[in-house]
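Biologist: Could we examine the ligand site and one helix of this protein together?

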Amino acid sequence: MRVFRDYESEVRGYIRSFPTIFKRAKGSLLYDEQDKEYIDFFAGAGTLNYGHNNDIINNALVDYIKSDGIAHGLDLATTAKKEFILKFVDTILAPRNMDYKIQFTGPTGTNAVETALKIARMVKRRSNIVAFTNGFHGLTMGSLAVTGNAFYRDEAYISRCNVSFMPYDKYFGENINTIDYFRKFLKDPSSGLDLPAAVIVETVQAEGGVNVASFEWLKELEDLCHEFDILLIVDDIQVGNGRTGKFFSFEDAKIYPDIITVSKAIGCGLPLAFVLLRPELDQWKPGEHTGTFRGNNLAFVASTKALDCYWTTEDLTLAIDNRSKILHERLVKIVEKYPQIELAARGRGMIYGLECKDKNFASMVSKKAFEKGLIIELAGPNDEVLKFLPPLVIDNDLLMRGLDIIDESINEILDEREKKINEGQNDS
Ligand code: PLP
């Protein structure tokens with residue numbers, strides 16, 4: 001690990017949570033240089049929905065490279081891009097009666113968010129944007145301005161202007177409707193809230209602690225946006241691409257956002273991002289919003305294959321529903337098994353959070369699980385939530401083995417704690 005310590009910036013993060021050198025990976029398993037095996041409940045922060053080195057996707061990529069397919073093409077027309085667009089329209093948009101233009105942006109999620117905010121402001125000729133408590137939208141300046149987490153924001157460099165935060169669903173508990181609260185601000189000309197161009201929302205706040213908005217809340221938010229002529233941006237970067245079962249995370253809520261940001265798993269592990277715009281919002285002048293890496297042709301090839309393989313039938317959605325039940329049932333059992341540490345489980349599809357009230361407990365579990373061969377990350381404002389985010393295609397046996405490791409880790413930490421307390425009592 002010395003090479004990273006000596007030469008890589010202090011900013012490195014995940015390497016500290018999972019301190020080993022990973023060498024290869026297949027499906028839902030990673031292997032380090034000592035050939036130790038790790039079950040992946042992290043999936044590249046929701047990027048590897050179809051697993052590592054998926055054979056079907058890899059073979060398509062190898063064939064494309066061997067045929068001297070275009071690797072880089074700015075926003076030129078390429079065969080790979082044409083095939084991707086046609087597949088995306090035929091497989092995803094058309095069957096859902098979704099009429100959207102596709103704007104390819106720079107390749108990371110935050111590029112898509114910046115683009116969404118910019119077009120909303122441009123079209124509405126208003127600068128304010130409403131974001132939600134605990135939202136996470138990326139770390140470039142515009143995206144950071146709509147991201148809540150104080151760890152990433154510093155008074156010295158954050159631009160706070162033109163973003164207002166409103167409480168997310170259940171922010172004040174189950175019984176307070178935060179849409180009513182938001183409506184009151186919009187209605188009151190003296191509330192201090194400038195009419196926003198757009199509202200940006202995640203249907204499940206992944207980084208924010210796996211906070212799940214109810215379908216009713218999302219529908220009320222859409223109605224509110226219509227009532228006040230505000231654009232609705234759904235940031236589907238982490239929980240889209242099938243994470244909650246359907247391809248888009250908002251489908252079950254039956255809402256139709258004006259703008260949708262798509263990234264992470266759409267490129268199957270290769271960088272790719274875009275926004276979907278209602279056609280009337282596509283008011284750019286040619287070349288007005290550019291970037292060298294818009295549309296990654298290798299990612300187009302990978303994605304076209306994945307869409308063809310996983311999204312032309314209902315099979316994946318049914319498998320996700322089934323694995324979601326396994327996750328849910330097992331986490332509920334774990335919550336019941338350890339009442340002394342007041343755990344709480346929540347989630348949708350194949351994103352689940354296990355909140356640990358006990359400070360630092362989640363981090364101890366993640367550390368112990370890593371020693372036992374499981375990779376699981378933390379979320380929430382104080383890293384108090386274990387975030388379960390396995391590849392969507394994980395074998396059920398492996399999913400259950402990973403959950404066993406979580407159970408064993410909690411058990412061992414509690415045993416060690418009790419031992420320490422007993423030793424302390426014997427000493428005194
Ligand atoms: N939006 C959401 C909902 C995310 O979860 C993330 C990353 O975790 C981003 C935006 C930013 O994506 P990226 O890290 O690729 O810039």
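The exchange below concerns a predicted model.

Biologist: Which residues are around the ligand, and how many of them are charged by class?

Modeller: The shell includes T108, G109, T110, F136, H137 and G138. E202, D235, I237, Q238 and K264 are also around the ligand. Sorted by class, this shell has 2 nonpolar and 6 polar residues, and the charged ones number 3.

Biologist: Which residue has a polar side-chain atom 3.0 Å from an oxygen atom of the ligand?

Modeller: An oxygen atom of the ligand is 2.8 Å from a polar atom of G109, but that atom belongs to the backbone. Q238 does offer a polar side-chain atom, at 2.8 Å from a ligand oxygen. The residue with a polar side-chain atom 3.0 Å from a ligand oxygen is K264.

Biologist: What percentage of the area that the ligand exposes when taken alone does the protein bury?

Modeller: The space taken by the ligand is the largest pocket. Taken alone, the ligand exposes 390 Å². Of that area, the protein buries 83%.

Biologist: With which side chain does the side chain of R330 make a polar contact?

Modeller: R330 belongs to helix 11, which covers residues 315–337. With neighbours within four places in sequence left aside, R330 is in contact with M400, L403, D404 and D407. The polar contact between side chains, at 3.1 Å, joins R330 to D407.

Technical notes. Residues numbered from 1 in each chain as written. Predicted model: local features only at pLDDT ≥ 70, side-chain atom pairs only at ≥ 80, totals over all residues. Heavy atoms only, no water. Near = heavy atom within 4 Å. Polar contact = N/O pair within 3.5 Å; in protein donor to acceptor, adjacent residues only side chain to side chain. Areas by Shrake-Rupley, 256 points an atom, 1.4 Å probe, with all protein chains shown as cover. 1 Å grid on protein atoms, 1.4 Å probe; cavity = no way out; pocket = protein on both sides within 12 Å on 5 of 7 lines; lining within 4 Å. Sits in = over half its atoms within 2 Å of the grid points. Nonpolar A, V, L, I, M, F, W, Y, C, P; charged D, E, K, R; others polar. Helix = DSSP H or I, 4+ residues; strand = E, 2+ residues; numbered from the N terminus. Contact = heavy atoms within 4.5 Å.
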